[in-house]
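Take a look at the model below. We will go through one helix and one pocket.

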Amino acid sequence: MAHGILACNSQPVMGVDGLPLGSLMLCFDEARMPTAWEYQLADFGTQVASIVFERDRSHLTLRASEAKYRTLFESIDEGFCICEMLFDSNGKPIDYRFVEVNPVFGRLTGLQQATGKTARELVPDLEDYWFEIYGRVVLTGEPIRFEAHSPAMNNRWFDVNAFGVDEPQSHKFAILFTNISDRKQTEARLRENEARLLIALETAKLGSWQLDLVTGVLDSSDQCKANFGLPPEAELSYQRLLELIHPDDRQHVQQTVAQAIANQIDYDAEYPTIWLDGSIHWMIARGRTIYGSNGQPLRMIGVTLDITERKQVEEALRQSEQQLRLASEGPNLGLWHWDVQTDTLTWTDRCKANTFRLRIKQY
């Protein structure tokens, strides 16, 4: 080879994953084969280059990962924080320090500028169970999800996910949580309303029912079954209910239900029923249809009331009035009624005739 011309030998540089990262070039001032020592030198250089390339690639990957983490950390709607559990000399969890919190943490908890402070510094009377729960997470490494109420934090409710992070000896854990106070308050009001409704239904002996208009399944309360003469354990399907209605009124009741659904009006019916012992009882049933967003009828909910006693009183009164009318007409007796409060005097035709000697229907 002419003087001044270099001869080069290329060695590939491989990454730790076996993939090529580049190459290392050995150059000589004359054409010859490398010595064993030069091969060792090239191999060492290859290893160094591989380490450097891997370090740079790891740094780039880490920076990209940290950027993604930071974006997620700052954009999620849930509260998120990383904390360090603090123990006393006996190993009992007594407090925890907020190492890092995301932007919505303060809005969900009401705790401002929490980073670097401990829970007891921010909420001196914070309930002990928070420290007990998080202490178990740190000591056992087992994650936990739970709902808890904190009177000390302005009666807030939280849905919490807690799990350990980093090495166990760091005593660090993370909390991912949402404020569910509004949901809990709504649930409490709903329970109160249901309790009041149940008291009202039981006091008035109203039976409640719900008919699924898609599946035809009927759900009914024990009082509703009792209104049809059935025990609490009895099955009361919609078909069975129709069978308990007097045959003369069965078709009319079905038509009334169909019309209420079609015309989007309340269902209101009064009909006789036949109990298992053959006795006749009278029922009032009222209901309202629930429709879907497309106008499809989904279900009908309502109440029933046994009005047999009222019907019996009305019938007894009607018979009494009829007997009184027949009795008064027989011996030519006239009847009158004076309402003292309104100073109103009511006369029967016979009374007018007897008193003023007028012909019946003349006055």
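The paragraphs below start with the helix and then turn to the pocket.

This is a predicted model. Start at helix H8, residues 247-263. Its 17 residues, at 1.5 Å each, should span 24 Å. The end C-alpha atoms of H8 lie 25 Å apart, which agrees.

Which residues of H8 are buried? They are Val253, Thr256, Val257, Ala260 and Ile261. Viewed down the axis of H8, these buried residues fall within an arc of 125°, so they line one face of the helix. What do the buried residues of H8 pack against? Their partners are helix H7 (238-244) and three strands: S10 (267-274), S11 (280-291) and S12 (297-306). Turn to the other side of H8, and the picture changes to exposed residues: Asp248, Gln251, Ala262 and Asn263. After H8 comes Gln264, with a positive phi near 55°.

Now the pocket. Rolling a probe the size of a water molecule over the atoms shows where empty space is left. The second largest pocket holds about 160 Å³ of space. Its lining consists of Lys205, Asn227, Leu305, Asp306, Ile307, Thr308, Glu309 and Arg310. By class, two of these lining residues are nonpolar, two are polar and four are charged.

Which elements each supply at least two residues of this lining? They are S12 and helix H9 (308-329). H9 gives the most, with three residues. Strand S12 thus links the two parts of this tour: the buried residues of H8 pack against S12, and S12 also supplies at least two residues of the lining of the second largest pocket.

Terms used. Residues numbered from 1 in each chain as written. Predicted model: local features only at pLDDT ≥ 70, side-chain atom pairs only at ≥ 80, totals over all residues. Heavy atoms only, no water. Helix = DSSP H or I, 4+ residues; strand = E, 2+ residues; numbered from the N terminus. Expected span 1.5 Å × (residues − 1). Buried < 20%, exposed > 50% of the residue type's maximum accessible area, 1.4 Å probe, protein only. Arc of directions from axis to C-beta. Contact = heavy atoms within 4.5 Å. 1 Å grid on protein atoms, 1.4 Å probe; cavity = no way out; pocket = protein on both sides within 12 Å on 5 of 7 lines; lining within 4 Å. Points joined across faces, edges and corners; volume = space filled by probe spheres on them. Nonpolar A, V, L, I, M, F, W, Y, C, P; charged D, E, K, R; others polar.
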